[in-house]
Amino acid sequence: MYYYPNLFNRGQVPVRESDKVIKVFGEGVVLARPDQAIVTLGVITEDNNLQQAQQKNAQDSTNVINAIVNSGVSRENIQTTDYRVDIQYDFQNGQQVFRGYRITSILTIKIENIQSVGEIVDIAVDSGANTVRNIDLTISNPDRYYHQAFEKAIQNAKAKADTAASTLGVIVPDVPARLKELSNLTPEPPRPYVLGVSTESAVTTPIEAGQNQIRASVEATFNY
């Protein structure tokens, strides 16, 4: 939070803040093209035999990981974020009937070369991944863009204060008496993607990066 305190005189006697204030809210937005991706995908295996289901899931997951690493992704950028064993049931004539086991193994992959996201997704699917849950296109250095948005928010607040002061026929200083940051740098919600795997190996799943919005907002109080 950014804060400009009230000024004090040399005798340490607080200067009374003016009762005449203009309070405004400023917003700033910066557009930035994502340069990395966080991909969530994995392997789901079903079988009546638990051990066989686990073994097949482990083998398919290992194949997926090795294929992703061979495509150029660092092993440190691959993390298992979910592993579950579920019992599956059917209901027949009001009775619960055992159907088998489901093993779910989910990987989260950080891809630093955003141009290769579609290719790596296809490689994972070709190697055994049968669920792609999310692709989150992000910015590796968001602070730089947030500072720009924050600067725009302050400028927007000052412009609003000047407009209000001009309308009222008063004058406000260039520096606000108080400046409060209202926003924090938080990632945008992941954007959903519908992914399909082409039957033609020459075609890569298209992933469009687009642009992310980085927003900042402030509350500024000006005395007059």
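**A loop glycine, helix α1 and the nonpolar cores**

G128 is found in the loop between α2 and β5, and in this predicted model the residue takes a positive phi of about 135° just after α2. With a relative accessibility of 23%, G128 counts as partly exposed. Residues up to four places away in sequence being left aside, G128 touches V43 and V64. A further relation across the sequence links G128 with I65, since the two residues are 63 positions apart along the chain and 9.7 Å apart in space, C-alpha to C-alpha.

The secondary structure of the protein chain comes to 3 helices and 7 strands, and these elements follow one another from the N terminus in the order β-β-α-β-β-α-β-α-β-β. Of the 224 residues in the chain, 35% are buried. The accessible surface amounts to about 13900 Å², with 48% of this area belonging to carbon and sulfur atoms. Among contacts with a separation of 6 or more, 82% are accounted for by residues 24 or more positions apart.

Helix α1, which spans residues 50-70 and has 21 residues, reaches 30 Å from its first C-alpha to its last, close to the 30 Å expected at 1.5 Å a residue. Its buried residues are A53, N57, D60, S61, V64, I65, A67 and I68. These residues cover an arc of only 165° around the helix axis and therefore lie on the same side of α1. The face turned away from this buried side carries the exposed residues Q51, Q55 and N70. The packing partners of the buried residues of α1 are β2 (36-47), β3, β4 and α2 (117-126). At the start of α1, a side-chain oxygen of N49 comes to within 3.0 Å of the backbone nitrogen of Q51, whereas just after the helix G72 takes a positive phi of about 115°.

One link between α1 and a strand can be followed through T45, whose place is in strand β2. T45 has a relative accessible area of 5% and is therefore buried. The side chains of T45 and N57 are joined by a polar contact of 3.1 Å, and N57 is itself among the buried residues of α1. Beyond residues up to four places away in sequence, T45 touches A53, K56 and N57, as well as Y101, R102 and I103.

Helix α2 buries V117, G118, I120, V121, D122 and A124, and the cover over these buried residues includes β2, α1, β4 and β5. The largest nonpolar core of the model has 22 residues, and those with the most contacts inside it are V39, V64, I68, I109, V117 and I135. Two or more residues of this core are given by each of the elements β2, α1, β4, α2 and β5 (131-138). A second, separate core of 20 residues includes I22, I139, A216 and A220. In soluble globular proteins, nonpolar side chains tend to be buried together. Within the largest core, I68 has a place among the residues with the most contacts; with residues up to four places away in sequence not counted, I68 touches V73, I78, I109, I120 and A124.

Helix α3 (residues 142-168) contains K158. At 17% relative accessibility, K158 counts as buried because this value falls under the 20% limit. The side chain of K158 makes a polar contact of 2.6 Å with the side chain of D162. When residues up to four places away in sequence are not counted, K158 touches P173, D174 and F222.

A contrasting environment is found at N93, which lies in the loop between β3 (78-92) and β4 (95-111). With a relative accessible area of 80%, N93 is exposed. N93 has a positive phi of about 55° although it is not a glycine. Most residues other than glycine have a negative phi. The positive phi values at G72, just after α1, and at G128, just after α2, belong by contrast to glycines.

Terms used:
Residues are numbered from 1 along each chain as its sequence is written. This is a predicted model: local features need pLDDT of at least 70, side-chain atom pairs count only at pLDDT 80 or more; totals for chains, interfaces and linings use all residues. Side-chain values use heavy atoms; hydrogens and water are left out. Helices (H or I, at least four residues) and strands (E, at least two) are DSSP runs, numbered from the N terminus. Buried means under 20% relative accessible area, exposed over 50%, partly exposed in between (1.4 Å probe, protein chains only). The expected span of a helix is 1.5 Å times one less than its number of residues. The arc is that of the directions from the helix axis to the C-beta atoms. Contact means heavy atoms within 4.5 Å. A polar contact is a pair of N or O atoms within 3.5 Å; within protein, one must be able to donate a hydrogen and the other to accept it, and residues adjacent in sequence count only if both atoms are side-chain atoms. Accessible areas come from the Shrake-Rupley method with a 1.4 Å probe; for residues, only the protein chains shown count as cover. A nonpolar core is a set of buried Ala, Val, Leu, Ile, Met, Phe, Trp, Tyr and Cys residues joined through side-chain atoms within 4.5 Å.
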